[in-house]
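Please examine the structure shown below. The paragraphs that follow lead through it step by step, beginning with pairs of charged side chains.

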Amino acid sequence: MYEPIRTKSVHRMADDAQDRIPHRSREEELDIQLAGHLAALLAVTDELGDDAAAERIAQQVARLRGAPPARHAGLTGADPAALHGRAHALAGRALVVAASRADTAAAILAAERMDAHTAALNDLSGERRPVSAL
């Protein structure tokens, strides 16, 4: 009634492909994610003109990636308050990932940058308000 299958199936089980595809560990994924957040923070920090902080961030990105980061080449002319708000958010993301991978140096740097951008936002607005109110 039914004819037996004579050719090999074109479909594979998911387990067959795992040996052929290189997989990253959780640590490697977190390193990549942290380096990305810090590189974005570096771009905003370069735009704000904070050279000392930018150098410290660049050192962390180089440590995570194994190569020096590309530096921000052009200025967008964005509002400083908006840049500080963006930098604060990026530093917060970096802090979460750094804490997740137990990277003390990156976590301390991210927390310091969050404090610095909060202070800058308070100075720009002339009042005390939490950054989450932006």
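Arginine 24 and glutamate 29 form a salt bridge, and their closest N and O atoms are 2.9 Å apart. This model is predicted. Arginine 24 has a relative accessible area of 53% and is therefore exposed, since the limit for that class is over 50%. Glutamate 29, with a relative accessible area of 36%, is partly exposed. The structure holds 9 salt bridges, and further examples deserve attention.

One of them joins aspartate 46 to arginine 71, with the closest N and O atoms 2.8 Å apart. This pair links distant parts of the chain: aspartate 46 belongs to helix α2, whereas arginine 71 lies in the loop between α3 and α4, 25 residues apart from its partner. Aspartate 46 has a relative accessibility of 17% and so counts as buried, the limit being under 20%. Arginine 71, by contrast, is partly exposed, at a relative accessible area of 37%.

Another salt bridge connects arginine 101 with aspartate 103, and here the closest N and O atoms are 2.4 Å apart. Both arginine 101 and aspartate 103 are buried. Through salt bridges that share partners, Glu27, Asp31, Arg63, Arg101 and Asp103 are joined into one network.

The residue between these two partners in sequence is alanine 102, which is placed in the loop between α4 and α5. What is the sign of the phi angle of alanine 102? The phi of alanine 102 is positive, at about 60°, although the residue is not a glycine. Most residues other than glycine have a negative phi. Alanine 102 counts as exposed because its relative accessibility is 65%.

The discussion now turns to the packing of helices. Two packed helices are described by the angle between their axes and by the distance between those axes. Helix α2 spans residues 26-48 and helix α4 spans residues 80-100; their axes come within 9 Å and cross at roughly 160°. That angle makes α2 roughly antiparallel to α4, because angles over 145 degrees are placed in this class. The crossing of the two helices, α2 and α4, is left-handed.

Many residues take part in this contact: α2 contributes, among them, Leu30, Leu34, Leu38 and Leu41, while the residues from α4 include Leu83, Ala87, Leu90 and Ala94. How do the residues of the contact of α2 with α4 divide into nonpolar, polar and charged? There are 15 nonpolar, 4 polar and 4 charged residues in the contact of α2 with α4.

Histidine 37 offers a view of this contact from a single position in helix α2. Neighbours within four places in sequence aside, histidine 37 is in contact with Leu90, Arg93, Ala94 and Val97. These four residues are among those that α4 provides to the contact with α2. With a relative accessibility of 18%, histidine 37 counts as buried.

A final position to consider is alanine 62, located in helix α3, which covers residues 51-65. Is alanine 62 buried, partly exposed or exposed? Its relative accessibility is 25%, so alanine 62 counts as partly exposed. When neighbours within four places in sequence are set aside, alanine 62 is in contact with Ala67, Pro68 and Pro69. The C-alpha atom of alanine 62 is separated by 9.5 Å from that of alanine 39, although the two residues are 23 residues apart along the chain.

Notes
Residues are numbered from 1 along each chain as its sequence is written. This is a predicted model: local features need pLDDT of at least 70, side-chain atom pairs count only at pLDDT 80 or more; totals for chains, interfaces and linings use all residues. Side-chain values use heavy atoms; hydrogens and water are left out. Axes are lines fitted to C-alpha atoms, for helices over the stretch in contact, and angles run from 0 to 180 degrees between N-to-C directions. Angles under 35 degrees count as roughly parallel, over 145 as roughly antiparallel, 65 to 115 as roughly perpendicular and the rest as oblique. A crossing is left-handed if the near helix is turned anticlockwise from the far one by less than a right angle, and right-handed if clockwise. Contact means heavy atoms within 4.5 Å. Ala, Val, Leu, Ile, Met, Phe, Trp, Tyr, Cys and Pro count as nonpolar, Asp, Glu, Lys and Arg as charged, and the others, Gly among them, as polar. Buried means under 20% relative accessible area, exposed over 50%, partly exposed in between (1.4 Å probe, protein chains only). A salt bridge is a side-chain nitrogen of Lys or Arg within 4 Å of a carboxyl oxygen of Asp or Glu.
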